[in-house]
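Let's take a look at how a few strands and helices fit together here. Keep in mind that the model is predicted.

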Amino acid sequence: MPVIRRPLTRGWELRLSVASAAVRPPVLPAAIAATVPGCVHTDLLAAGLIPDPYLDENELALDWIGHQRWSYVTHFSYAPDSSDRVDLVCDGLDTVATILVNGRQAGKFVNQHRSYRIPVAALLADGDNEVEVIFDSAWAYAENIKQQLGNLPNAYPTPFNFIRKMACNFGWDWGPTVVTAGIWKPIAIETWSMARLTAVRPVATVSGATGHVVVDVDLERTSDTPMTVTALIAGVRTSAAVPAGARSAQLTLAVPDVELWWPHDLGSQPLYDLSVELFADSETALDTWQRRIGFRTIRLDTHADEVGSAFILVVNDVPIFARGANWIPDDCFPSRITADRLRTRIGQGIEANINLLRIWGGGIYESDDFYGLCDELGVLVWQDFLFACAAYPEEEPIRSEVIAEARENVVRLMPHPSLVLWNGCNENIWGWFDWSWQDPVGDRTWGAGYYLDILPAIVAELDPSRPYYPGSPYSGSMDIHPNEDDYGLRHIWDVWNDVDYTEYRNHVPRFVSEFGYQGPPNISTIERSIHDRPLTHTSRGMLHHQKATDGNGKLARGAAPHLPPVERFPEWHYLMQLNQAEAIRFGVEHFRSHRGICMGTVVWQLNDCWPVTSWAAIDGDGKKKLLWYAQRAAYAPRLLTIQPRDDALALIGVNDSGVSWRGATTVQRLRFDGTVLATFETRLVVDRLAAETVVLPERISAAADRRGEFLMATTADGQRALWFFAEDKDLKLAVDVLTTAVRQREGGLEVTVHSSSLARHVAVMADRWHPDAVVDEALVTIPPGGSHTFRITAPAAALAESFANSGALRSLNELVHRD
Ligand code: BMA
C-alpha cells in the first residue's frame, strides 16, 4: 500500500490552556476557531479578540500572548486498515509542543525548525479521535534553559539563543516582539506499509555536456522484503536493489546534453524533473519523491592573493559578482507568507537587478516555495544556519536540536540549484572577537563548535557539492580578525551607526555581506499603520515603529552633511528616504568600481516584516522605497560611474554581463544652466565580467565653481553617470524650474517634468496621490533643458484625485538653501 497522507486542516480550536500568573491574559472565550497552519496571534486576530499587532503601539498591549500556555485541538475519524503504520506528521511546530492523542501523550518537542513523525496507531480508536497540541510559553522555556546553562552574551535582552525558534520573533532592531506559538506548517495523518522514503539526496554535477546525478536514498521499513528504488530524469532511468534489511541505496544517472542552470543575468534556468520511486513486490510504488533539479557547478574561491584572501562564488566556472540583498522573514507570522507573495517579493528583487539573496540567520529556513521560485527565476541563494548576534550554548538540550535541525534542512534544501552557499552564523564569530563576550563566556562554549566543526561536517556528509563558510563576517581563519576588508566576508556597520556614508570609500572589501542605511516606509504604509494626530517623525507611533537604538538621531546626523535641514514631516520623509537611497547608491557604486578585488555586495536588507522605519528597500506593505529605485540603478549589470582615483576623477565602466561593452562615451563639465564648460570624448571598452577605468583629464575634473557645476558622462547606449563637486545641500540649484504636464493613460498617469535648469533628485512619491499608485522610476536628475516622463500605474479611482495637489512630485530644488 502506498503512503497515504490526510492533512488535518479542519475543525481546529484554540484554547488558553493555562494562564501565566506573571503576565495575565484578558478573559477569552473557552474555544476560538483556529486556522492550521497558523499561530495564536493570527487566530486571535481573525476572531476579533485582539487588534492588529502591526498597528500603532498594539504590540505592547499584546505581549501577554507569548507568555501563556495554549492548546490546539481537533478531531478526525479513523478506521483501522491493514497498513503497517499510522503516523502523525507535523511539518512544523512553533515551538515548545506536547502532543496528546485521545488524551495520551504522543510526543514532546522543542524545535520550530524541525519536523516530527510520531507513530500513533496504538493511541487511535476506531471512529472519532482527538489530537491536541499544547504549546508552552517559548519565553518561559528559553528562560528556563538559560537558568540551567547560565546566561550567554546576546545583542538583545531576550533569551532567543536558548531555544531553537525564529530569533527575530523576540524582537529585533527592525521587528516587533511577537512571540508566537502554533502549528505553523501542515500537519497530517500518514499511513504506510512495508517501507517509505525518509531522505532523498541528489548531488548533481556536470562534466562537459553530461549531467551526473548521484542520488542517495534512505528508507524506513517495517518489512524485510527485498525492494527496488528507481530514479528517472529526462528520460534516463535507473534502479538499484535494496536487499532485505538494507536501509539505503545509491543511484547514479548520466544525462546527456544537459543545459546549464544560470543566475538570471547570465543565462536561463532549465530545470529537470527528477523522480524517485520505491517498489516492493507490486507494480504500485510504495513511496515517491519528486523535485525539479538543475545542473550547474558551484565553487567558493577563497584563494590567498597579494591583498589577503578572496571570496568569490564561481558558477559554471564563471566568477560571479554578487549583487545581493539580505532577506528576513517577510512576516512575523510566517504562515501568512504565501507562494504568491514570495513570487512578488523575489520578483521585486530581480527587477532591482539583484542576483543573490542571503537568508539571514535570525529568521527561518524558508519554505520550499521560496527556493523553488529562486530555482525558477534564477536567483542565487545563500542560506545561513540559524544563529544570529549571540553566543549559543553547545550543551544539551540545544546541541542535539541543532544537529537534527541542520541535518533535516540540509537534506530538504540541497536539491535546489539556486542554493549556492551554506553559512554558519550571522555575526557570532565577530561577536566573540569584538563584542566583549570573552570574559562572560569564560571557558564555556559559545557556538564555535557548531560553526567550525559540526555544521561543516554535516554539509560535507550530506551535501558534498556545496560550499560552506563558517560565518558572516569571517576571514577564513580564526587567526585573522573576522571583519577585515582584505579577507573573506565583511560587514560594514560603522556607517549608519557612527560615521557618515562617505566612509564607504575608505573600504575596499573582498565581499561585503552586510551594509545598510535606514529610511522610513512609504507614506501610505505609515498612514495605514500609524494613526498619530498630528503625524510627525517624532510622534508616538512613528517612534514605536523605529526599533534601532537612537534611530531618529542617526537619521538626522546621517542626513546633515548632505541634505538641507527640514522641519515638516512630508519633507523629512522625502529627505530621509532620499538619504537612504543615496547612501546605498554611493556604497554600491564605490564597491562595484573595485570589481575584481571586491566580488559581492549584499545590502541590508531587501524586505520588512511589518511597517517600520528600517534598512529595507521594500517596506512592510510590500511597497518600493526610493532606495529600491536607487538600488536598481546601482545594480544595473552595466554600470557607469565616476569615482575619485588618487588625486583625479575617473570614469569607470563595470560590466557584469557575459558580453563585452564598448562604445563612444562623452563626458562634459556643465553649469547648472546648461553651459558646457569642457568636453572629453573617449571610447569605453569594458570586457565581459570586468571593470575598466578611464582617468579624466583635468579640464573635466577641476571645477571653477564647485557649487554650480557638475559632470555628466553618457555612453552611446544611453548609460549615464553624474558627478557633483559639492554636497547636495550646498548646490546652487535654481528654484521654480520644473514645469509639469500630466496626462491620463491606460491604467494611470504620465507625468512629464521639464526642467529649465538642473533639477536634482526628482521623484514622484506616487502613493501620496493614491495609496495603490506605483511609479516606474524615481530620483531622476534632470539635466538643464531636459525632461523626464514618469509613468504611474494606479486604480481608476485614483483619477478622481488631483495629482497636482497631492504633493507627490518632489525635488531637491524646492528644498535647498538658496543665497
Ligand atoms: C546586523 C544584522 C541584523 C541587524 C542589522 C542592522 O547586525 O545582522 O542583526 O538588523 O545589522 O542593525
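## Around β41

Let's start with one residue pair: Val774 sits opposite Thr793 in β41. That pair belongs with strand β39, residues 774–775, which pairs with β41 in the antiparallel sense over 2 bridges.

β41 itself covers residues 787–793, and strand β37 (residues 748–755) pairs with it too, again in the antiparallel sense, this time over 7 bridges. For a residue-level view of β37 and β41, look at Glu750, which stands opposite Arg791 in β41.

## A six-stranded open sheet

Now for the other end of the numbering. Here you'll find an open sheet of 6 strands with antiparallel pairing, and reading across it the order goes β3-β2-β4-β9-β6-β7. Which strands stand at the edges? They are β3 (32–33) and β7 (104–109), and each has a single partner strand, so one side of each is left without a neighbour in the sheet.

## β2 and its two partners

Strand β2, residues 13–18, pairs with β3 in the antiparallel sense over 2 bridges. You can pick out the residues facing one another: Glu13 is opposite Ala33 in β3, and Leu14 is opposite Ile32 in β3.

β2 also runs antiparallel to strand β4 (residues 69–78), with 5 bridges joining the two. Leu14 turns up again here, standing opposite Tyr72 in β4. So which residues does Leu14 stand opposite? Ile32 in β3 and Tyr72 in β4.

## Helices α4 and α5

On to a helix pair. Two packed helices are described by the angle between their axes and the distance between the axes. Helix α4 takes in residues 339–351 and helix α5 residues 368–377; they pack at an angle of about 40°, with their axes 10 Å apart. Are they parallel or oblique? With that angle, α4 and α5 are therefore oblique to each other, and their crossing is right-handed.

As for who touches whom, α4 brings Ala339, Leu342, Arg343, Ile346 and Ile350 to the contact, where they meet Asp369, Phe370, Leu373, Cys374, Glu376 and Leu377 of α5. Sort the residues of this contact by character and you get 8 nonpolar, no polar and 3 charged.

Notes. Residues are numbered from 1 along each chain as its sequence is written. This is a predicted model: local features need pLDDT of at least 70, side-chain atom pairs count only at pLDDT 80 or more; totals for chains, interfaces and linings use all residues. Side-chain values use heavy atoms; hydrogens and water are left out. Axes are lines fitted to C-alpha atoms, for helices over the stretch in contact, and angles run from 0 to 180 degrees between N-to-C directions. Helices (H or I, at least four residues) and strands (E, at least two) are DSSP runs, numbered from the N terminus. Angles under 35 degrees count as roughly parallel, over 145 as roughly antiparallel, 65 to 115 as roughly perpendicular and the rest as oblique. A crossing is left-handed if the near helix is turned anticlockwise from the far one by less than a right angle, and right-handed if clockwise. Contact means heavy atoms within 4.5 Å. Ala, Val, Leu, Ile, Met, Phe, Trp, Tyr, Cys and Pro count as nonpolar, Asp, Glu, Lys and Arg as charged, and the others, Gly among them, as polar. Two strands pair if DSSP finds at least two bridges between them.
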